[in-house]
Amino acid sequence: MFDSPTIYRFEIEQPPSPKKNRRALSQTLTRVFSEDYKKIEGSIFDPRGERVKQWNRYFLVAALISIAIDPLFYYLPEVNVEEMCMDEDTSLKITLTVIRSIVDMFYAYHIYVRFRTAYDAPSMRLLGRGELVLDPFKISQRYLKRDFTLDLLAALPIPQVMTWLPFFDNSEMMSTKISVLYFIIIQFFLRLYLVFKLTSHITQEAGVVAESTLSGSVYNILLFLLAAHVFGSCYYLLAIVRQGMCWKEVCNLEEPACGERYFNCRFLDEAGRASWYQSSNITNMCGPETDFFEYGLVSDAVDFTVASLEFFTKYSYCLWWGLRALSSRAEEVQASTFFAETHFCIVISLTGLLLLAMIIGTMETYIESRTERLEEYRIQQMDTEEYMSHRQLPHEMKERVRKHNLYRWIKHRNVEEEAIMESLPLDVRRDIKHHICIELVRRVPLFEQMDERTVDAICDRLRPVICISGTCLLREGDPTNDMFFIMHGQLDSYTTGGGRTGFWNQCQIGPGDFCGEELLTWALDPRSTDILPLSTRTVTSVADVEAFALSAEDLTFVATQFRKLHNKKLRHTFRVHSHQWRTWAACYIQAAWKRYKRRKLVSMLKAKENYNKVNLSEQSRNKARIRETGLSLHTKTDRRGEIFESDEIIRTPVPKPKDPDYFD
C-alpha cells in the first residue's frame with residue numbers, strides 16, 4: 001500500500017483593510033501633526049479642517065436665528081382693552097416653540113462636535129501650530145473643564161419649558177408671568193456671548209467672518225437690526241409691565257373687592273370679577289389720557305393700544321421704536337423716574353453709540369476701499385498733466401496719453417496685474433496663466449499643433465498688452481523686441497520693402513493673427529547673434545487692441561528648452577499666417593506673371609518676324625519693339641524654335657524671407 005501523498009497548502013496573508021489600519025493607527029497615536037491628520041482621519045475632527053470651519057459658519061447662522069427668536073417670547077402677553085385683562089397668544093407660542101426646538105438641535109449637535117474636535121497641544125516645533133491631540137478622553141476632559149457648562153446652559157430649552165408650565169398659564173399673579181419672561185433674557189445674553197465668542201474664533205481661524213467689506217457692512221447692519229429687535233421686544237414687555245402696575249395700584253385702592261387674579265383673562269367668568277369691573281373706574285384711570293398714572297417711556301404704546309394689536313402690527317411698531325431709539329441714542333425718548341425705564345434708556349444710549357460707531361467705521365472702510373483706486377488714478381492723472389505741461393508736449397500727443405490712461409483705467413481699474421502675479425507661488429501663477437491664456441493661445445494657428453507642455457511654457461511667459469487706436473506696435477527698420485499675438489481688435493500692417501520707391505504692401509490683421517515673426521526665426525536659428533532682427537513691417541492699431549506679447553528672451557528660452565518647436569510641420573502654418581511670407585509670395589506671383597507676359601510677347605513678335613521677312617520695315621519696327629521689352633533677338637531657342645530666357649530665376653522686389661531652423 002502506498003501512503004497517500006501529503007498535500008501542502010500555501011495561504012497568502014491578506015493585508016488588513018485601510019479602515020482597520022486607520023482605526024488601529026488612531027488607537028495607537030494620541031498626537032499627530034496637522035499635515036499627517038489625513039492618515040488617521042476618522043471620528044475625530046480636525047479643528048482647522050474644512051468640515052469644522054463649514055460647521056462653525058452654519059452654527060453661527062443658527063445662533064443668530066436663536067437670539068432673534070428668544071425676544072419674540074416677550075410678545076406672548078397681550079392686553080384685552082375692553083375687559084382690562086391680560087391674555088396670551090397661543091398660536092404664536094406654538095410657532096415659537098417649534099422653531100426654537102429646531103434651533104436647539106444645532107446647539108446639541110455642536111456639543112457633540114466639540115467632544116469630537118481635536119485641539120492643539122504645546123509642541124517643540126519651530127514652525128506650524130503644534131500637534132493635534134486625538135485622544136477622545138483628553139478631548140472630553142478638556143472640554144468638560146472649559147466650555148461644556150456654558151454650552152449646556154445655552155442648549156437647554158428654557159423658553160419652551162417655562163412658557164408651557166401650568167403655573168405660567170394659570171397663575172393669578174401678573175408678576176409671576178413677567179418674572180418668567182425676564183428669566184428668558186438670561187439665556188439670551190448667554191447665547192449672545194457664545195455668538196461673539198464663535199465670531200472671534202472664526203476670525204482667528206479664517207481671517208475674517210465676512211470675506212468682503214460689503215458683506216462685513218451688511219453683517220454689522222444685521223447686528224444693528226438685531227439690537228433694535230431686542231430693544232423693541234423689551235419695550236413691548238415694559239409697556240405690559242407698566243400697564244399692569246397701573247392696574248395693581250387701582251386694585252389696591254379698591255380692596256378687598258379687587259383681586260390681582262381679576263387681571264387674568266382666564267378668570268373673567270367669576271361672579272365677583274364682573275361686578276367689580278362694573279363698579280370700578282379702571283378704564284379711565286389706566287387709559288391713554290389719564291393723570292392717575294405716569295407711563296413715561298411707554299406712553300405711546302399705551303396711547304396706540306399696541307398690546308392689543310395683531311402680532312405683525314405691534315412687532316413692526318416696536319421694531320421701529322427700537323431703530324429710532326438706537327439711531328438717536330435714546331435722545332428722542334422721554335423716560336419717567338421709574339428705575340427700570342431710566343436704566344433701560346441708559347443701556348439703549350450706550351448700545352446705540354457702540355453699534356453706530358461699528359457701522360460707520362465699517363461703511364467708511366468700504367467707501368474708502370471703493371474710492372481708493374479712483375483717488376490713485378486722479379493723482380496719477382495730475383502727475384501726468386504736470387509732466388506734459390512741463391515738457392510742453394503738443395496737444396495731439398497729450399490727447400493720446402490721456403486716451404491711453406483712460407482706456408487702461410476702464411479695463412483694469414489701475415490694478416497692477418504683473419505685481420499681483422509675482423507675489424503668488426510659482427504653481428499658482430502657472431495655473432492662473434494657464435486658465436487665462438490657454439484658450440486664447442490655442443486660437444493662434446501657430447500654436448494649434450504644439451504639445452501641452454510647450455503651450456504651458458508659452459502661457460507662463462506671455463504678458464498682457466493693451467493699446468488704443470493709433471498705437472504703433474512695430475516699426476519697419478526698428479529692432480523687433482516682442483512677438484505679439486492678437487486677441488481682440490484690428491491692426492494695420494504695411495511695408496515699403498525697405499524704403500523702395502513705388503513699393504507698398506498693406507493688409508489688416510485681427511484676432512488669431514500674430515506679428516513680429518522675425519523674432520521667431522531669429523530665436524530658432526542656432527547661429528543667431530545677440531543682435532535682434534529688424535522689423536520688415538510697420539504695425540499700427542486701427543481700434544482698441546488687446547494682445548499678448550512674448551519677449552525675445554522668453555521666446556529664446558522656449559525655443560531652447562522645447563525642441564518640439566523645431567518641427568517641419570510648423571513650416572506650412574508659419575508661412576500661411578506670416579504676413580512677411582505673404583508679401584513675398586504676392587511679389588513672387590506678380591514677377592512670375594510679368595515674366596510670362598514678357599515671354600509670350602517675345603514669342604508673338606518672333607512669329608511675326610518669320611512670317612514677314614519680305615516686309616523689312618515691319619521687321620525693323622518689330623525689332624524696335626523687342627528692344628523696348630529689354631530682350632534680344634539673339635536669345636536661346638528650344639528644339640521647336642521658341643524663345644526662352646536664359647535666366648530661369650524670378651527676381652522679386654522683396655527678398656525671400658529666411659525660414660526658421662526646422663528639423664525633426
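How many bridges join strand E6 to E13, and in which direction do the two strands run? Strand E6 (residues 463–467) is joined to E13 by 5 bridges, and the two run antiparallel. Strands and helices here are DSSP runs numbered from the N terminus, with at least two residues for a strand (E) and at least four for a helix (H or I). The model is predicted: local features need pLDDT of at least 70, side-chain atom pairs count only at pLDDT 80 or more, and totals for chains, interfaces and linings use all residues. Residues are numbered from 1 along each chain as its sequence is written, and side-chain values use heavy atoms, with hydrogens and water left out.

Strand E13 covers residues 545–551, and 6 of its 7 residues are buried (under 20% relative accessible area, with exposed over 50% and partly exposed in between; 1.4 Å probe, protein chains only). Within the pairing with E6, isoleucine 466 stands opposite glutamate 546 of E13. Strand E8 (residues 482–488) is also antiparallel to E13, through 6 bridges. In that pairing, isoleucine 486 has alanine 547 of E13 as its bridge partner, and phenylalanine 485 has phenylalanine 548. The open sheet has 4 strands in the order E6-E13-E8-E11, with antiparallel pairing; two strands count as paired if DSSP finds at least two bridges between them. Its edge strands are E6 and E11 (514–515), each of which pairs on one side only.

Strand E12 (residues 538–541) has antiparallel partners in E7 (residues 472–474), through 2 bridges, and in E9 (residues 491–495), through 4 bridges. Leucine 474 is the bridge partner of valine 539 in E12, while aspartate 492 stands opposite threonine 540. In a regular strand the side chains alternate between the two faces of the sheet. In E12, Thr538 and Thr540 point one way and Val539 and Ser541 the other, and all are buried.

Aromatic pairs number 21 in the structure. The rings of tyrosine 143 and phenylalanine 148 have centres 5.8 Å apart and planes at 80°, so they form an edge-to-face pair. Rings of Phe, Tyr and Trp (its six-membered ring) pair if their centres lie within 6.5 Å, and planes under 30 degrees apart count as stacked, over 60 as edge-to-face and the rest as tilted. Tyrosine 143 counts as buried because its relative accessibility is 4%. Phenylalanine 188 and phenylalanine 189 are also edge-to-face, at 5.5 Å centre to centre and 70° between the planes. Ring pairs further link Trp55, Phe59, Phe106, Tyr107, Tyr109 and Tyr112 into a cluster. The charged end of arginine 191 sits over the ring of tyrosine 107, 3.9 Å from its centre; this requires CZ of Arg, or NZ of Lys, within 6 Å of the ring centre and within 35 degrees of the ring normal. Lysine 93 lies over the face of tryptophan 164, 4.2 Å from the ring centre.

The largest nonpolar core has 82 residues, and those touching the most other members are Tyr235, Trp247, Ile282, Leu297, Trp321, Phe344 and Ile348. Such a core is a set of buried Ala, Val, Leu, Ile, Met, Phe, Trp, Tyr and Cys residues joined through side-chain atoms within 4.5 Å. Helix H9 (residues 213–253) gives the most to this core, with 18 residues.
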